[in-house]
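Reader: I am new to reading protein models and would like to know how the labels are earned. Could we go through some of them together?

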Amino acid sequence: MVILTAPLEWREQLRVTNYLSVLSVILCSFLLLSFAVLPAAQTHQHYLSVGLLFSVLFISLSFVIPVGVDPPLCYDAITPNDMHSNMSCAWTGSLVTLGALGCVVWVFLRSLWLHIRIFWDRDPGRFFKYGSIIAGSLVPLSFLTALLVATGFSYRMGQTCLPNHDHAIVTFWVWLVVFAVAGFLLQAVTTGYCGYLYIRTLRREQERTSISSFQQRRVSSKLETWKNVKYLFLLQWRNILASIFVIIGSISFFVVFWTHDSKLGRVFNDPENIGPVKTWIACQTSTGGDKEDCRKYVKNFTVSKGAVLASLILASLVGLELFILLFRCSMLQAWLDYFRRLSHHAHTGRPPSPQLTSLDHPDRMLTPTPCK
């Protein structure tokens, strides 16, 4: 097991991801609380954003739990703890699975929503909304159940448990990359369509002076289509970047640990590769578990420390990236107004006056308050 053969200083470096995730938990919780308490006109909340934030929160929590628990990684000198021998392992493994699969599923749903809205010029509507909520909740839970039954978790890298080698590619890693790639392809098609509309609009504008009035009406219609698509696309740039960040983190996570599992697979499936492992076990036995002296026998069956650390840091930073993209300055003003109303209610004993609706003052509800 890699974590047991890791040098002490590298295991300390892996704890960086735990502390970064504390910040991600705080920021994601702030956004979710803002979506729950504040008016939607000032937070620009969307059910697809809420679903993605919960998934990122699960991943961050899987790295935060070990900060307070500091779980023992080793069951004995050569065996790591797993979900049966350590409760922290069971929780962190379940949370990272729910979070990782939830992220790629919600990114796929966000890309599908934008694709339907721009490419097909249709409103996804309430049916898509409830279907997305069901799919975004049940799909990760279904894969978690399969993973618990067929694979299980153990300490492999750092203090957050990950799926074991057995059947992990089929039950977890492949589906992680399938949903991530599907979301990326949908996003690429939608973005390419916007680029096509832009180029076609420029060409139509250049030809506008030399065509008939009937053709000019058709050109005007196409120009209006481009304006609508551009407006919607510009409104969604934050969501597009959020999806891209999640996809990058998911793919990097997949590549590193799929490579590690593939190397382990070669150890177990190729008789020629089992020799160094037997030598490592014999070395552990003869030296009383001296990891430093025996690590040289299994160094070819592990991935580089830098790649592992980079993938874990990318995963722990997704919460911070989402906060930067989904945070609105109008949220601060909305929180100030909220606490003023609470203070007014506490001093007067009367309920706060109702908020303006979009019919009372549409500009105030639709225009975010700028940062001071």
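Author: Gladly! Let's begin with a definition: the bend at a residue is the angle between axes fitted to the seven residues ending there and the seven starting there. Keep in mind that this is a predicted model.

Reader: What makes helix 11 count as bent, and at which residue?

Author: The two fitted axes meet at an angle of about 40° at L317, and that angle is the bend of helix 11.

Reader: How do you know that the span of helix 11 agrees with its number of residues?

Author: Helix 11 covers residues 305-326, which is 22 residues. The expected span is 1.5 Å times one less than the number of residues. That gives 32 Å for helix 11, and its end C-alpha atoms are 32 Å apart, so the two agree.

Reader: Why are C89 and C161 called a disulfide?

Author: The cut-off is a pair of cysteine sulfur atoms within 2.5 Å. In C89 and C161 the S to S distance is 1.9 Å, so the pair meets the rule. The count by this rule is one disulfide.

Reader: What does this disulfide tie together?

Author: C89 sits in helix 4 and C161 in strand 2 (residues 160-163), so parts 72 residues apart in sequence are tied together.

Reader: Is the disulfide left-handed or right-handed, and how do you know?

Author: The torsion about the S-S bond is about -115°, so the disulfide of C89 and C161 is left-handed. Both C89 and C161 are buried.

Reader: Why is C103 not bonded to C28?

Author: The sulfur of C28 is the closest cysteine sulfur to that of C103, yet it is 9.0 Å away, too far for a bond.

Reader: Are C28 and C103 buried or exposed, and what makes them so?

Author: Buried means under 20% relative accessible area. C28 has 0% relative accessibility, so it counts as buried. C103 has 3%, so C103 is buried too.

Reader: Which residues touch the most other members of the largest nonpolar core?

Author: They are L52, L53, W173 and F257, in a core of 72 residues. Helix 4 (residues 87-118) gives the largest share of this core, 16 residues. Leaving aside residues up to four places away in sequence, the contacts of L52 include C103, W106 and V107.

Reader: How do you know that residues 89-109, a "transmembrane region" in the unreviewed UniProt entry, are helical here?

Author: Over residues 89-109 the chain is 100% helix and 0% strand. Another stretch given that feature by UniProt is residues 307-327, where the chain is 95% helix.

Conventions. Residues numbered from 1 in each chain as written. Predicted model: local features only at pLDDT ≥ 70, side-chain atom pairs only at ≥ 80, totals over all residues. Heavy atoms only, no water. UniProt positions renumbered as here; feature names shortened; annotations may be inferred. Helix = DSSP H or I, 4+ residues; strand = E, 2+ residues; numbered from the N terminus. Core = buried A, V, L, I, M, F, W, Y, C linked by side-chain atoms within 4.5 Å. Buried < 20%, exposed > 50% of the residue type's maximum accessible area, 1.4 Å probe, protein only. Contact = heavy atoms within 4.5 Å.
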